[in-house]
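Here is a brief report on selected side chains. It covers burial, contacts and charge pairing.

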Amino acid sequence: EAFAHARQTSEAIRDEDSLSLLMMNEAQLLDAEGASVENRLELIRRAWSLAARNGFAQVMTDAANAEAYTLAKIGEYDSALEAVERAERAAQWSGRLMLRLAPQMCRANLAARRGRPDVAAEVFSQAIGQAASDPVVEAHMRLLASVELAGHPAVHAQALDHVDRVLAAMA
């Protein structure tokens with residue numbers, strides 16, 4: 001109900017930036033509820049479209065990443081990679097480090113899902129290297145990498161190393 005009211009208000013005043021943010025939030029809630037992929041993708045793509053009209057890089061990056069992760073969950077890896085490429089183009093205009101690195105994390109996720117944990121580990125390492133200036137972002141990246149890599153025997157030791165480094169930084 002709150003989303004409907006906020007959406008009506010945003011539409012009435014033609015605030016496409018707010019509307020795109022609302023659509024992304026709604027898509028995230030639908031994901032948490034296990035709603036259909038089609039409904040989530042529709043909201044995500046509408047959010048991208050609205051954000052792209054206004055050059056709202058934050059939502060463009062978030063939407064493209066969300067689309068990629070959603071498509072990856074259903075095995076649509078080539079389409080997911082296209083979404084990551086859109087996210088990479090938009091991310092360069094984002095002011096937040098985490099958001100700028102998010103497409104790389106998604107690219108690593110796709111490599112791991114495609115059975116290339118070695119490639120995933122390398123992409124994660126590059127992103128973590130770029131995050132070294134911000135210890136919180138670096139720790140977040142390391143934990144994401146550990147989750148993605150832990151299930152792959154060839155890079156299991158790297159996954160554990162990421163966890164060890166986060167724990168050491170916290171001590």
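The notes below take salt bridges, then two buried residues.

This is a predicted model: local features need pLDDT of at least 70, side-chain atom pairs count only at pLDDT 80 or more, and totals for chains, interfaces and linings use all residues. Residues are numbered from 1 along each chain as its sequence is written, and side-chain values use heavy atoms, with hydrogens and water left out.

**Salt bridges**

A salt bridge here is a side-chain nitrogen of Lys or Arg within 4 Å of a carboxyl oxygen of Asp or Glu. The count comes to nine. The table lists some of them.

| Acid | Base | Closest N to O |
|---|---|---|
| Glutamate 67 | Arginine 45 | 3.0 Å |
| Aspartate 118 | Arginine 116 | 3.0 Å |
| Aspartate 161 | Arginine 165 | 2.9 Å |

Glutamate 67 sits in helix H4 (residues 57-73) and arginine 45 in helix H3 (residues 37-54), so their pair ties together parts 22 residues apart in sequence. Helices are DSSP runs (H or I, at least four residues), numbered from the N terminus. Glutamate 67 is buried, at 6% relative accessibility. Arginine 45 is partly exposed, at 40%. Buried means under 20% relative accessible area, exposed over 50%, partly exposed in between (1.4 Å probe, protein chains only).

Aspartate 161 and arginine 165 both lie in helix H9, four residues apart, about one turn of the helix. Shared salt-bridge partners also join Asp31, Arg40 and Lys73 into one network.

**Two buried residues**

Histidine 162 is in helix H9 (residues 156-170). Its relative accessibility is 6%, so histidine 162 counts as buried. Beyond four places in sequence, histidine 162 contacts (heavy atoms within 4.5 Å) Ile128, Arg142, Ala145, Ser146 and Leu149.

Valine 123 belongs to helix H7 (residues 117-130). At 12%, valine 123 is buried too.

Key
Helices (H or I, at least four residues) and strands (E, at least two) are DSSP runs, numbered from the N terminus.
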